[in-house]
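Please work through the following exercises with the sequence and the structure open beside you. Each exercise sets a task and is followed by a solution that goes step by step.

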Amino acid sequence: MADNDEEEVGLKELACRWEWEADDGSWNVYSAEHEQELSEALRSRNTSVQLSLPSEVTLRVDLKKMVQKNSQTGFERSVRYAVKEKEDYFVWQWQGDDTAWHPYSAALCAELEQARRQGQRTVDQSVGRVRYQLDVGRMRQVNSKTKYERKMSRLQSDAADPAIPSGGPQPSDGASCSAMGSVATKRARREHPEEEDGGVRQAGGDSQGKEGGTDSGRASGGDTLQA
């Protein structure tokens, strides 16, 4: 495993993009303007950030739960962080009890990607008092106490460019999304432990601007890593 200085440099060199889930389950890339705001919030170790749309709609993005919430309607949809390797983007995710896949938090995605690139086999993660070991080699998430395992995956993203005109810059290609070094990442997790959530989000609606849409919902059960 590399020392902290090397890990921080590696994370700072990671390129990424931010994506949101549409009503039909497809994924779309945020505008360059919103990507910059999201990445800056992550670098500052903020747990959430507010985005504004031209329609005067505001969206609150939770960077731990990876959920975008319409501040007016309360509707939620999934958000994910994709890391770039060569010309492609990849998303780290875990499989819930309902077999649906859910993205890890942006900070954890960056840490998992860095571990993979450095040849580090496992990454430790705590959710409250529960400890997990994320095995990058076997692609398994293991509850350290119960030894219960969930599948992990590193999915190649097929997200489309922004479909909602924003009047702002066009989407960036591989903008630097270093977020934070490994030391800061671990500090943020200690200060803001992830929360369990077995709820299912509402469905129905229209475009991102109005913030309707469907979501597969979080997995239920007592061994869900909401990271």
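A salt bridge is counted here when a side-chain nitrogen of Lys or Arg lies within 4 Å of a carboxyl oxygen of Asp or Glu. Keep in mind throughout that the model is predicted.

**Exercise 1. Decide whether Asp 97 and Arg 150 form a salt bridge, and describe where the two residues sit.**

Step 1. The closest N and O atoms of Asp 97 and Arg 150 are 2.8 Å apart, and because the cut-off is 4 Å, the pair is counted as a salt bridge.

Step 2. Asp 97 belongs to the loop between strand E7 (88-95) and strand E8 (101-103), whereas Arg 150 belongs to strand E12 (residues 149-156), so that the pair links distant parts of the chain, 53 residues apart.

Step 3. Buried means under 20% relative accessible area, and partly exposed means between that value and 50%. Asp 97 therefore counts as partly exposed, since its relative accessibility is 36%, while Arg 150 counts as buried because its value is 5%.

**Exercise 2. Find what Glu 149 and Arg 138 form together, and state whether each of the two is buried, partly exposed or exposed.**

Step 1. The side chains of Glu 149 and Arg 138 meet in a salt bridge, with 2.9 Å from N to O.

Step 2. This pair, too, links distant parts of the chain, as Glu 149 is in strand E12 and Arg 138 is in the loop between strand E10 (130-135) and strand E11 (140-143), 11 residues apart.

Step 3. Glu 149 counts as partly exposed because its relative accessibility is 38%, and Arg 138, at 38%, counts as partly exposed as well.

**Exercise 3. Place these pairs in the wider set: how many salt bridges does a search of the whole structure find?**

Step 1. The search of the whole structure finds 14 salt bridges.

Step 2. Another salt bridge joins Arg 17 to Glu 19, whose closest N and O atoms are 2.8 Å apart, and both Arg 17 and Glu 19 are buried.

Step 3. Salt bridges also link Glu 85, Glu 113, Arg 116, Arg 117 and Arg 154 in a network.

**Exercise 4. Work out which strands pair with E7, and in which sense they run.**

Step 1. Strand E6 (residues 76-85) runs antiparallel to E7 and is joined to E7 by three bridges, and one bridge to look for is that between Lys 84 and its partner in E7, Tyr 89. E6 and E7 form a hairpin with two residues between them, and Lys 86 in the turn has a positive phi of about 60 degrees.

Step 2. E12 pairs with E7 in the antiparallel sense over five bridges, where Val 91 has Leu 155 in E12 as its bridge partner.

Step 3. E8 is joined to E7 by three bridges and also runs antiparallel, with Gln 95 standing opposite Trp 101 in E8. In this second hairpin five residues lie between E7 and E8, and Thr 99 in the turn has a positive phi of about 70 degrees.

Step 4. As for its surroundings, E7 is mostly covered, since seven of its eight residues are buried.

**Exercise 5. Explain why Cys 109 is in no disulfide.**

Step 1. A disulfide requires two cysteine sulfur atoms within 2.5 Å, and by this rule the count comes to zero.

Step 2. The nearest cysteine sulfur to that of Cys 109 belongs to Cys 16 and is 9.8 Å away, so the cut-off is not met.

Step 3. Cys 109 counts as buried, because its relative accessible area is 0%.

Conventions
Residues are numbered from 1 along each chain as its sequence is written. This is a predicted model: local features need pLDDT of at least 70, side-chain atom pairs count only at pLDDT 80 or more; totals for chains, interfaces and linings use all residues. Side-chain values use heavy atoms; hydrogens and water are left out. Buried means under 20% relative accessible area, exposed over 50%, partly exposed in between (1.4 Å probe, protein chains only). Helices (H or I, at least four residues) and strands (E, at least two) are DSSP runs, numbered from the N terminus. Two strands pair if DSSP finds at least two bridges between them.
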